[in-house]
Amino acid sequence: MSETVAEETLLFGVEPVPAMTGYPTVDQLKDRLESLRAEHPELITAERIGTTRLGEPLWLYTLGEGRLSGLLAGGVHPNEPIGSVTILHLVQQLASSADLRARLDTTWRIIPCADPDGMRLNEGWFQDPGDAETYFRHFYRPAGDEQVEWTFPLSYKRAHFDAMLPETQALQRAIDLARPDFYVPLHNAESGGAYYYLSEPMPELCSALQQLPERFGVPLHRGEPEAAHFTELAPGIFDMGTVEEIYDWLEGLGLDPAPPGSAGDASTSYARRYGTLSMIAELPLQRHPDADDLSLSEHRYADLLEQEGAQLIADGERLLAMLAQAEPELSLETPMLRASRCFLPMVRRSGESHRARAGQEENSRSATVSELTGLPGVRHMLRLRFGGIFLRALEAEFSAGTASASLRRLADEMEGLFAQWLREAAACPSGQTQAIPAHDVASVQCGAVLALADYAGRHRG
């Protein structure tokens, strides 16, 4: 691909996202979209497709009337707000440019936020995403069986799930209505670099996706993948695979592939029935200078896995012991408590996975510099994310006036541990991150969506 064609494929003359700080709240996102709909009533319509568990309407916006069908879903994980900025910018650009609409020839359907109830529980850090303490103290991710993205039906070996959420049913309705040629659930990562998942190999698209991050000062992630079973299609780009493959991979490591509290299948798996091309563009909130450093270190990768695994197991056991101690004293069944019950065991299981992989022959090699910072970064992320959620569950009892003296002492212990982990993360090389402006990461995500739409237009009948 020539440089001229690459520029054309990446952004189609679309303006980068204007400079901004922080991320919009649920209400700000809704208000801005409604303003755009009022400005362009002939182009943008909205229909109600469901209701959240707390009674909030869920809306599907439609823009344009093209040959292709494209679906975007924001907020499928409520701690991932980059997609909110992406949606606002794309809708504004598409509504204001007849040329862009004609070139992409797409009927766009957009769910602004698939889990507004959950996203509201993250809004405490949206205006200061670069401050680690603010971020982790206000972080929330739903328990696995309460995540819109991961509660589609599943039946495989010992894994069975059919408890679809109302929000998941609304997303399913949108997929069935759109029968999309291409689908992008809008995700983001925490730190490191940008990486992508594709539903099938698309070499021509991979070339464009790899160029996008550097253009906006975002590194391409080359370190530890989210899970070792993923097949790399190109540097920083992975086959999104299936839940069945994850099950078999865990089973092969001798780990429980269907632990208590396991969730279901993904929305991208459901969309496969329509032959949909799906993409996930994972953009980080924080950049790390070593995210794309493939030079070799003096450390063995297996030793690093063993070391990090042992620490995660110890941290997980400590958190689980504190949860067990707290349970008899807890009176409020909050989302934070349900998430703690789900994720605190995951800290230990992640350590067990690391240690199992340490024994594999292919991991007896030199670790790259990216892996040397990436693996400890995973440890800090897991224990601060889920330790912070547990701390919020305890604090909810204080706010309600239901905390006993013993629960207060336990909360003081958890507060001290959390503060220690914050200090350790800040002092570790993996913690030497820098916040990426929201407009830069959203510009990358916008470009990725446009590149996928262009690819679909040239490869779908």
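Here is a short back-and-forth about how some features of this predicted model get their labels.

Reader: How do you know which residues and atoms count?

Author: This is a predicted model, so local features need pLDDT of at least 70 and side-chain atom pairs count only at pLDDT 80 or more, while totals for chains, interfaces and linings use all residues. Residues are numbered from 1 along each chain as its sequence is written, and side-chain values use heavy atoms, with hydrogens and water left out.

Reader: What makes aspartate 256 and arginine 158 a salt bridge?

Author: The label needs a side-chain nitrogen of Lys or Arg within 4 Å of a carboxyl oxygen of Asp or Glu. Here N to O is 2.9 Å, so the pair qualifies. Aspartate 256 sits in the loop between helix 9 (243-252) and helix 10 (267-271), and arginine 158 in the loop between strand 5 (154-156) and strand 6 (159-161), so the pair links distant parts of the chain, 98 residues apart. Helices and strands here are DSSP runs numbered from the N terminus (H or I, at least four residues, for helices; E, at least two, for strands). The whole structure has 27 salt bridges.

Reader: Why is arginine 158 called exposed?

Author: Buried means under 20% relative accessible area, exposed over 50%, and partly exposed in between (1.4 Å probe, protein chains only). Arginine 158 has 54%, so exposed it is. Aspartate 256 has 37%, so that one is partly exposed.

Reader: What about arginine 365 and glutamate 371, buried or exposed?

Author: Glutamate 371 has 9%, so it counts as buried, while arginine 365 has 31% and is partly exposed. Their side chains also meet in a salt bridge, at 2.9 Å from N to O.

Reader: How do you know that arginine 458 and aspartate 454 are about one turn apart?

Author: Both lie in helix 15 (residues 438-459), 4 residues apart, and that is about one turn of the helix. The closest N and O atoms of this salt bridge are 2.8 Å apart. Arginine 458 is partly exposed at 41%, and aspartate 454 is buried at 16%. Elsewhere, salt bridges that share partners join Arg53, Glu146, Glu167 and Arg338 into one network.

Reader: How do you know that the length of helix 7 fits?

Author: The expected span is 1.5 Å times one less than the number of residues. For the 13 residues of helix 7 (residues 166-178) that gives 18 Å, and the end C-alpha atoms are 18 Å apart, so the two agree. Among the buried residues of helix 7 are Glu167, Leu171 and Ile175. Arginine 179 follows helix 7, with a positive phi near 40°.

Reader: Why is cysteine 206 in no disulfide?

Author: A disulfide needs two cysteine sulfur atoms within 2.5 Å. The closest cysteine sulfur to that of cysteine 206 belongs to cysteine 446, 20 Å away, so a bond is ruled out. Cysteine 206 is buried, at 6%. Cysteine 342 is in no disulfide either, as the nearest cysteine sulfur, in cysteine 113, is 20 Å away. Cysteine 342 counts as buried at 16%. The search of the whole structure finds 0 disulfides.
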